[in-house]
Amino acid sequence: MAEVIVALICFLVLLAMAMHGASLRTWALTVAIITLSAQMGLGHGQLHWPVFPLWSLFGWLVAGLLFAASFPELKRKYITLPAYRALKGSMPTISETEREALEAGTVGWDAELFSGTPDFAKLRRVAPITLTPEERAFLDGPTTELCKRLSDWKIRHELHDIPDDIWRFVCDHGFLGMLISKQHGGLGFSAQAQSLVLGKISSRSADGVTIVMVPNSLGPGELIEKYGTSEQKDHFLPRLARGDEIPCFALTGPLSGSDAASMRDIGVVTRGVHQGKETLGVRLAWDKRYITLAPKATLLGLAFRLFDPDNHLDRGEDIGITLALIPADHPGVEIGRRHLPAGAAFPNGPTSGRDVFIPIDWIIGGQERAGQGWRMLMSCLAAGRSISLPATSAAAAKSMLRMSTAYARIRKQFNLPIGFMEGVEEPLARMVESAYAIEAARALTASMVSAGEKPAVISALLKYVSTERMRQCVNDALDIHGGKGICDGPSNYLQGAYQMVPVGITVEGANILTRTLITFAQGALRSHPYLFTEIEALQDQNTERGIELFERTFDAHVAFTLSNAAGAFWHNLTFGAFADRPPNAGLTRHWWRQLARASRSFALVADLTVALLGGGLKVKQKITGRMADALAELYLLSAVLKRYDDDGRPKEDLKLVEYCARNCLYRFDQALLGVLRNFPVRWAAWLMTPLVFALGARRRPASDHEGKEIVRAALEPGAFRDRLTRDIFISDDPGDRAGLLDYTLARVVACEAAEKKLERAIRKGEVKRFHDNDWIAEAERKGVLTESEALDLAELRELVARVIAVDDFAADDLARSQDSAKASEPSKPKPEHIAAE
Ligand SMILES: Cc1cc2nc3c(=O)[nH]c(=O)nc-3n(C[C@H](O)[C@H](O)[C@H](O)COP(=O)(O)OP(=O)(O)OC[C@H]3O[C@@H](n4cnc5c(N)ncnc54)[C@H](O)[C@@H]3O)c2cc1C
């Protein structure tokens with residue numbers, strides 16, 4: 001027994017030392033003390049270990065080696081240098097464009113999760129949703145008014161375009177200049193306000209929001225505001241803010257999609273004639289496609305690779321990726337034809353140019369910024385990607401939920417609202433969870449950006465997670481609506497979102513790439529506390545300087561790895577009972593602890609994944625994709641816990657928070673399990689598995705019963721449902737397609753008792769419910785219903801009929817005339833060698 005207790009104490013002491021990053025000399029001393037104590041215990045006959053002399057020898061050997069390693073010269077010779085040489089060829093390398101992308105963004109809460117010991121105070125310091133009175137008034141006033149004016153059907157089907165009066169409205173009210181500073185005539189709104197405005201518009205029309213979103217995201221406005229010369233700012237920003245200029249930004253080309261930096265669009269610095277005067281400029285050739293707003297644009301932002309063969313700029317021949325502003329009517333600019341992306345109606349099309357000469361001062365930021373285009377784009381993308389797509393995805397999740405809960409309560413089959421059936425409850429529960437969690441993550445990230453962060457990794461993970469959840473919500477909403485969701489027409493409120501889903505999935509970094517490459521494979525380099533510096537040290541041409549930097553970082557890295565291994569094992573063994581939590585965590589303290597526990601496991605696996613897969617990381621995308629998923633779940637859980645606190649911990653939300661937390665942690669476990677089961681370095685997987693799953697993968701998803709509780713709450717009109725669907729366009733006007741649902745839902749609830757009486761009478765055969773009979777009047781005649789009940793039910797019958805109605809059309813209305821079909825005949829795709837001519 002004494003042996004077991006002593007062994008346990010030793011084990012706990014060593015574990016604590018590893019967790020707290022003890023120095024090598026402390027390790028050596030502790031191992032020596034343990035060995036000596038054991039020897040003395042044995043000498044006094046108190047301990048009885050088999051083959052003790054061997055153990056004792058081992059103990060002294062380890063203590064001696066640790067002590068020797070604490071001498072810098074010895075450590076350098078026998079540990080650091082061999083490690084440096086071994087890692088030099090095997091760690092991932094960083095290309096120049098990757099470096100620019102990595103250095104462009106900031107790290108924040110992602111780095112805390114990577115550290116294994118997140119500092120919750122940092123998360124709590126991020127402001128809750130905060131709007132100035134002016135921003136709130138804009139959201140409630142002009143934004144609501146715009147939503148009322150947007151007719152999704154007219155845009156998508158009748159015009160296949162954005163109507164002129166909508167363009168006028170958004171220009172007149174400054175929607176196109178939300179990110180432009182007040183000083184330059186814009187609204188100067190915070191990221192949070194921009195996100196909420198975009199979300200609200202998108203809950204009304206996915207096409208409509210695009211014309212507001214693009215000028216307020218990565219494009220001329222933002223680039224000029226951040227990098228433009230003072231002349232460019234003074235000239236363009238007020239014009240962009242007023243909508244006198246419609247901007248677009250052209251980066252993607254036929255052969256450079258996800259790998260945008262490989263563009264073949266070229267600019268050559270040369271002298272030429274502009275407006276009758278000879279001047280230094282750039283002669284351009286480009287071929288771009290998929291450019292949103294291009295067919296309407298008056299100002300084209302263009303990315304191209306700049307060369308200076310005659311060295312006019314005195315910086316050598318290959319200057320690098322450069323951005324310029326070109327008026328759409330400039331000679332040689334081809335622009336105006338349209339693509340038809342997923343049947344959507346927002347303007348999108350190709351642009352090209354050959355032998356187009358522009359003056360050098362059309363480069364954004366002037367000639368000093370020539371060659372800095374990629375860095376400028378990445379810097380804007382790190383912030384911008386946090387706003388637009390998360391905003392529209394969260395809004396889609398919320399509006400799909402609001403409409404589906406109303407419909408599921410209104411629509412009856414088998415004499416029961418379909419929302420009360422378990423089969424429908426399942427997708428509804430998914431939607432409730434997504435609406436809460438994605439909105440939480442949206443709000444948190446927008447607040448970070450409002451505070452000046454440019455979260456490169458978080459923006460990438462939020463982009464793919466929010467659009468994937470949005471896709472699931474839209475699909476779930478369609479399933480719940482059955483044929484009503486499928487038949488298109490003015491009364492269909494789902495098709496606009498459904499058509500737009502693939503656009504969200506593809507733009508701003510297509511999701512497969514964003515999940516499997518950008519979030520973890522590149523993100524780990526950014527968020528990991530030591531990795532980026534180590535790789536820099538390994539890539540340093542000056543070997544002496546590289547080794548010195550490597551040595552400093554490597555020591556800390558080893559301590560970090562040991563700390564996470566011990567911490568993960570300890571917290572997983574004790575189910576997180578001793579894990580950290582923020583002060584005053586209240587009823588969610590258990591989940592905060594679970595977040596800290598999971599972060600330890602993540603940090604350990606992330607660390608060893610990068611260290612052991614090294615240069616192979618970018619091709620082991622099934623592993624890195626799962627690591628991205630694990631990180632995303634931790635981020636969502638952080639956001640959910642913070643939202644609950646920020647919202648004032650409403651009692652009714654606690655069950656939902658627990659539902660989300662349980663599922664986040666379950667999916668987190670599944671992602672890590674997938675990594676460990678498929679980890680290419682098997683010995684490392686064997687080592688990590690007992691540390692991460694010390695007692696097995698025991699977490700379970702939320703139960704069916706918990707799902708029922710949150711869905712039942714969401715099916716009731718009231719504060720819980722309103723909170724879940726906050727800040728989207730809401731109406732109680734039965735003349736409006738969204739308003740009709742909410743209005744009818746309220747009437748369904750109010751008429752429930754009368755409805756039950758009627759149903760009973762129908763079941764007993766006292767009242768006949770057939771098309772040729774007014775069954776409500778019959779029920780009133782027979783005394784089943786009072787007069788006012790009959791009136792209410794008759795009104796409800798009309799409302800329900802309108803809710804479930806689908807549109808039909810005369811065949812002629814749907815047929816396209818021969819002439820219009822001919823007029824819109826598509827151009828033939830050009831093979832690249834012809835396009836290049
Ligand atoms: C409607 C719409 C609007 C757009 N608006 C604009 C705009 O305004 N301006 C602009 O410049 N561009 C715009 N784009 C372009 C958009 O950014 C690109 O479509 C996107 O970058 C993907 O490029 P691609 O379509 O050529 O796909 P590809 O690059 O051919 O990718 C195909 C698939 O391969 C995957 N993939 C590619 N590389 C990797 C990798 N290394 N690892 C794993 N998976 C990978 C991708 O994730 C994707 O699933 C728009 C696109 C659309 C459809």
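Here are some notes on the predicted model of this protein chain, going from the overall fold down to a few local spots.

1. Overall make-up. Helices dominate the element list by count: the chain has 37 helices and nine strands. Along its principal axes, the C-alpha trace spans about 100 × 90 × 50 Å.

2. How does the radius of gyration sit against that of a compact globule? For 837 residues, a compact globule would come out near 28 Å, and this chain has 31 Å, which agrees.

3. Inside and outside. Of the 837 residues, 55% count as buried. The surface that the chain exposes adds up to about 36200 Å², and carbon and sulfur atoms supply 57% of it.

4. Contacts along the sequence. Take the contacts with a separation of 6 or more: residues 24 or more positions apart account for 76% of them.

5. The cores. The largest nonpolar core has 159 residues, and the ones with the most contacts inside it are Phe-520, Phe-602, Leu-724, Leu-758 and Leu-785. There's also a second, separate core of 60 residues, with Ile-211, Cys-248, Leu-293 and Ile-326 among its members.

6. A look at Leu-758. Leaving aside residues up to four places away in sequence, which residues does Leu-758 touch? Its partners are Val-767, Trp-775, Ile-776, Ala-779, Val-784, Leu-785 and Leu-793. One of these, Leu-785, is itself on the list of residues with the most contacts inside the largest core.

7. Helix α4 isn't straight. This helix covers residues 72-88, and a straight helix of 17 residues would span 24 Å, but α4 spans only 21 Å between its end C-alpha atoms. Where does α4 bend? Look at Thr-80: the bend there is about 35°, and a proline, Pro-82, follows within four residues.

8. The buried side of the story in α4. Lys-75, Thr-80, Leu-81, Ala-83, Tyr-84 and Leu-87 are buried, so the residue at the bend, Thr-80, is on that list along with a lysine. As background for reading such a list, an α-helix has 3.6 residues a turn, so residues three or four places apart point the same way.

9. Arg-25. You'll find this arginine in helix α2, which runs over residues 24-43. Is Arg-25 buried or exposed? Neither, quite: its relative accessible area is 42%, so it counts as partly exposed. Arg-25 touches Phe-67, Ser-70 and Phe-71, again not counting residues up to four places away in sequence. Arg-25 and Ala-68 are 43 residues apart in sequence, yet 8.9 Å apart in space, C-alpha to C-alpha.

Key:
Residues are numbered from 1 along each chain as its sequence is written. This is a predicted model: local features need pLDDT of at least 70, side-chain atom pairs count only at pLDDT 80 or more; totals for chains, interfaces and linings use all residues. Side-chain values use heavy atoms; hydrogens and water are left out. Helices (H or I, at least four residues) and strands (E, at least two) are DSSP runs, numbered from the N terminus. The expected span of a helix is 1.5 Å times one less than its number of residues. The bend at a residue is the angle between axes fitted to the seven residues ending there and the seven starting there. Buried means under 20% relative accessible area, exposed over 50%, partly exposed in between (1.4 Å probe, protein chains only). The radius of gyration is taken over C-alpha atoms; the globule rule is 2.2 Å times the number of residues to the power 0.38. Contact means heavy atoms within 4.5 Å. Accessible areas come from the Shrake-Rupley method with a 1.4 Å probe; for residues, only the protein chains shown count as cover. A nonpolar core is a set of buried Ala, Val, Leu, Ile, Met, Phe, Trp, Tyr and Cys residues joined through side-chain atoms within 4.5 Å.
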